[in-house]
Amino acid sequence: MSKERKMTITIPREEYMSPGHLACQGCGASLAMRLALKGLGQKTIVCIPACCWAVIDGPFPHSSLDIPIYHCAFETAASSASGVRAGLDMVGDTETTVLAWAGDGGTFDIGLQALSGAAERNDDIVYTCYDNEAYMNTGIQRSSATPIGAWTTTTPVKHYKKERKKDIIGIMAAHGLPYIATASVAYPEDMVKKFRKAREIRGTRFIHVFAPCPAGWKSRPEDTVKLARLAVQTGYFPLFEIENGERWTLNLKVKERKPIAEYLKLQGRFRHLKEDEITLIQQEVDARWEKILKNCGL
Amino acid sequence: MKKVIMGNHALSYGAMLSRAQVIAAYPITPQTQVVELLSEMCADGTLNAKFIKVESEHSAMAACLGASLAGARTFTATSAQGLALMHEMLHWAAGGRMPVVMGNINRAMAPGWSIWADQNDSLSERDTGWIQFYCSSNQEVLDTVIQAFKVSEKLMIPSMIVLDAFALSHTYEVVEIPEQDKVDRFLPPFNPPWRLTPDDPHAFGGLTSPDHYMEFRYKLQKDMEKVPALVEETGKEYEKLFGRYLGQVEEYFCDEAELVFVTSGTAGYTARVAVDELRAKGIKAGNLRIKLFRPFPFEKVRDILSRVPKVAVLDRNISYGHHGIFYQEVKSAMYGQPSSPLIFGFIAGLGGRDITRDSYQEIAEYALNKNRAEEEIVWIGVKK
């Protein structure tokens with residue numbers, strides 16, 4: 001944990017998000033946007049597809065953000081952002097950052113094709129997936145980002161999710177992007193630093209933000225940051241960066257990872273899991289952690 | 001300057017002369033030459049535009065909309081399955097008031113796979129809020145692209161330029177290529193009343209409650225209603241500069257005719273030859289080619305058709321379980337008029353089957369010999 005203490009980046013005071021938004025109590029996604037914009041600054045245009053944030057921003061004629069928003073179709077976060085980038089370039093604005101801001105459904109599932117297209121073209125956008133691990137805006141249906149073992153309204157307790165979470169980072173890394181990072185709302189300095197870094201890089205940048213959802217995870221709103229921190233400390237959601245598709249850097253070296261059970265037990269969506277099932281999940285987490293360490297040369 | 005070019009290249013030249021700034025497109029037969037030529041134009045600097053080579057038509061339209069909202073003049077082209085894949089984004093374009101101009105090559109919908117002409121692709125998008133122009137010559141295609149940008153950008157409503165697969169897309173005709181400076185005079189740079197910019201941040205297309213939604217749609221319809229007059233106005237302005245008038249419909253011997261064909265696309269061109277032949281035989285035939293299909297040119301159609309006793313509507317399309325779509329539209333336009341003709345509906349040419357002069361002879365014979373529309377649909381050239 002020594003590196004964590006060494007972080008000296010301060011979080012900018014500027015706010016680009018007002019308090020009058022429509023997020024639920026303890027919403028990780030709203031905290032994620034607040035922090036991301038502190039890193040990107042006001043010269044940002046955001047494309048938001050169907051996701052919680054399509055609602056959080058506030059209904060017409062209101063908006064809780066001080067930056068322009070294009071509410072785009074569900075599967076078009078990346079393609080809309082590519083278009084905005086090209087349009088801005090043609091009208092002479094090469095300075096503004098174009099941010100695509102989608103949930104896990106819009107990224108792992110329905111928007112994956114458009115995202116892959118933009119990534120292959122290396123279009124100059126910052127694509128962020130705020131991951132709350134299910135279709136929360138429509139009422140907690142499973143997505144391919146839902147972790148193994150989780151309850152959702154389409155994976156009921158009797159038949160909880162049996163499939164692993166899709167390896168979105170692996171998919172994006174295979175595109176050889178100039179910058180990929182994971183970030184967590186429990187590590188705001190790291191997160192702001194990554195968005196600021198992404199702003200200065202050209203090409204497609206992909207940032208995967210872990211965003212707990214009390215309503216969907218059946219957790220206490222006050223536990224959002226705690227859960228996000230536990231996800232990192234257990235190795236379930238490690239903080240790392242991949243530059244130019246090959247240089248992996250672990251940003252937070254967790255020396256003694258906490259058992260995954262500590263993370264799971266705070267969430268009602270895992271309440272049905274038996275000990276042997278938790279052991280299996282622990283093995284999955286361990287295997288992925290080892291793989292990431294290896295990629296980081298550790 | 002005159003050039004012999006294919007219909008697809010007429011679209012490309014139209015986009016080039018209109019100084020399109022962003023093009024996002026995905027290839028589909030028979031549209032490919034449109035984007036191939038535009039890629040070349042972008043590559044060699046003839047056209048100063050960003051060309052986004054997207055991975056699907058859905059993304060093509062999505063990217064066009066993002067670019068349009070950022071304030072750039074935007075063009076794309078597609079056909080059939082590609083247009084159908086865009087469907088969601090077509091609503092987005094019109095609902096979001098983004099004046100993209102798109103060429104659509106009329107191609108029959110699969111299955112079975114067909115690359116040949118019919119109109120079911122574009123007519124399936126009738127209710128998405130797009131202006132639709134149907135063309136019958138390459139010159140008309142080129143001129144209409146330029147006019148469409150003007151109309152679209154004035155009203156912030158997207159336009160679709162429709163031309164038949166192969167019969168126009170791949171047919172070479174002599175086309176007068178307008179001079180750039182004259183086109184620039186006709187079509188000034190795109191300067192939208194709103195755009196995505198951090199200097200004046202707004203949220204576009206957010207959650208809209210029942211308290212507000214209906215007014216957006218009301219305004220779209222009200223602006224759609226302005227299109228016919230604007231097409232006339234810009235058509236006359238275009239004529240002054242280039243000597244070619246671009247209207248809502250094309251009349252051919254409709255005055256005092258005993259039978260008027262209502263047609264569209266290249267079949268509307270063939271109809272003129274058929275009219276000449278019928279007139280040589282002493283039959284007073286005429287042709288009313290619908291060019292502007294959405295919004296429907298009610299006034300023009302009513303004015304012309306209320307003066308004739310019989311009308312034969314030719315559809316290269318079908319609304320299954322109902323009629324040909326132009327037939328529905330014409331009947332709807334004439335309903336309740338003080339003087340309404342007897343209107344017959346014919347379906348021909350689906351999936352690229354040829355519509356020939358003989359088809360029109362058959363249609364004329366049927367219509368002239370009947371005193372009421374006995375059949376819901378009269379099929380022409382079908383193997384029963």
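At what angle do helix H6 and helix H9 of chain B pack, and how far apart are their axes? Let's start there, keeping in mind that everything I show you today comes from a predicted model.

So, find residues 138-155 of chain B, which is helix H6, and residues 227-242 of chain B, which is helix H9. They pack at an angle of about 130°, with their axes 10 Å apart. That makes H6(B) and H9(B) oblique to each other, because 130° falls outside the ranges for roughly parallel, roughly perpendicular and roughly antiparallel, the last of which takes angles over 145 degrees. The crossing of H6(B) and H9(B) is right-handed. On the H6(B) side, the contact is made by B:Asp143, B:Gln147, B:Lys150, B:Val151, B:Lys154 and B:Leu155. From H9(B) come B:Val227, B:Leu230, B:Val231, B:Thr234, B:Gly235 and B:Tyr238. By class, that contact has 6 nonpolar, 3 polar and 3 charged residues. Here's a handy bit of background for reading lists like that: an α-helix has 3.6 residues a turn, so residues three or four places apart point the same way.

Okay, zoom out to the whole of chain B. Chain B is divided into domain 1, residues 2-241, and domain 2, residues 249-379. Going by C-alpha atoms, the centres of these two domains of chain B are 27 Å apart. Where they touch, domain 1 of chain B puts in 26 residues and domain 2 of chain B puts in 22. On the domain 1 side, the elements giving two or more residues are helix H5 (120-123), strand S6 (131-134) and our friend H9 of chain B. S6(B) gives the largest share of that side, 4 residues. Sorted by class, the domain 1 side has 15 nonpolar, 7 polar and 4 charged residues.

Next, one spot inside domain 2. B:Ala257 sits in the loop between strand S10 (249-252) and strand S11 (259-263) of chain B. Is B:Ala257 buried or exposed? B:Ala257 counts as buried, because 25 C-beta neighbours lie inside 10 Å, and the cut-off for buried is 20 or more. If we leave aside neighbours within four places in sequence, B:Ala257 is in contact with B:Lys284, B:Ala285, B:Gly286 and B:Val308.

Now let's bring in the other chain. How many residues does each chain give to the contact between chain A and chain B? Chain B gives 38 and chain A gives 39. On the chain B side, strand S2 (22-25), strand S3 (50-53), helix H3, helix H4 (80-95) and strand S9 (203-204) each give two or more residues. H3(B) has the largest share there, with 10 residues. The classes on that side come out as 20 nonpolar, 14 polar and 4 charged.

H3 of chain B turns up again when we look at helix H6 of chain A, residues 112-121. In this helix, A:Ala114, A:Leu115, A:Gly117, A:Ala118 and A:Ala119 are buried. Their cover includes helices H4 (77-90), H5 (104-109) and H7 (168-174) and strand S4 (126-131) of chain A, together with helix H3 (57-69) of chain B. Just after H6(A) comes A:Asn122, with a positive phi near 55°.

That leads to my last topic, the backbone oddities. Most residues other than glycine have a negative phi, and most peptide bonds are trans. Two more residues here have a positive phi without being glycine. A:Asn244 has a phi of about 50°, and its place is in the loop between strand S7 (240-243) and strand S8 (247-250) of chain A. A:Asn244 is exposed, with 12 other C-beta atoms within 10 Å. B:Ala80 has a phi of about 40°, but B:Ala80 is found in helix H4 of chain B. B:Ala80 is buried, with 30 other C-beta atoms within 10 Å.

And where are the cis peptide bonds I want you to look up? One joins B:Thr29 and B:Pro30, with omega about 5°. B:Pro30 is in the loop between S2 and helix H2 (32-44) of chain B. Another runs from B:Pro111 to B:Gly112, with omega near -15°. B:Gly112 lies in the loop between strand S5 (101-106) and H5 of chain B. Right, that's my tour.

Note on methods: Residues numbered from 1 in each chain as written. Chains lettered and ligands numbered in written order. Predicted model: local features only at pLDDT ≥ 70, side-chain atom pairs only at ≥ 80, totals over all residues. Axes fitted to C-alpha atoms, helices over the stretch in contact; angles between N-to-C directions. Left-handed = near helix turned anticlockwise from the far one by under 90°. Contact = placed C-beta atoms within 7 Å. Nonpolar A, V, L, I, M, F, W, Y, C, P; charged D, E, K, R; others polar. Domains from an automatic or database assignment.
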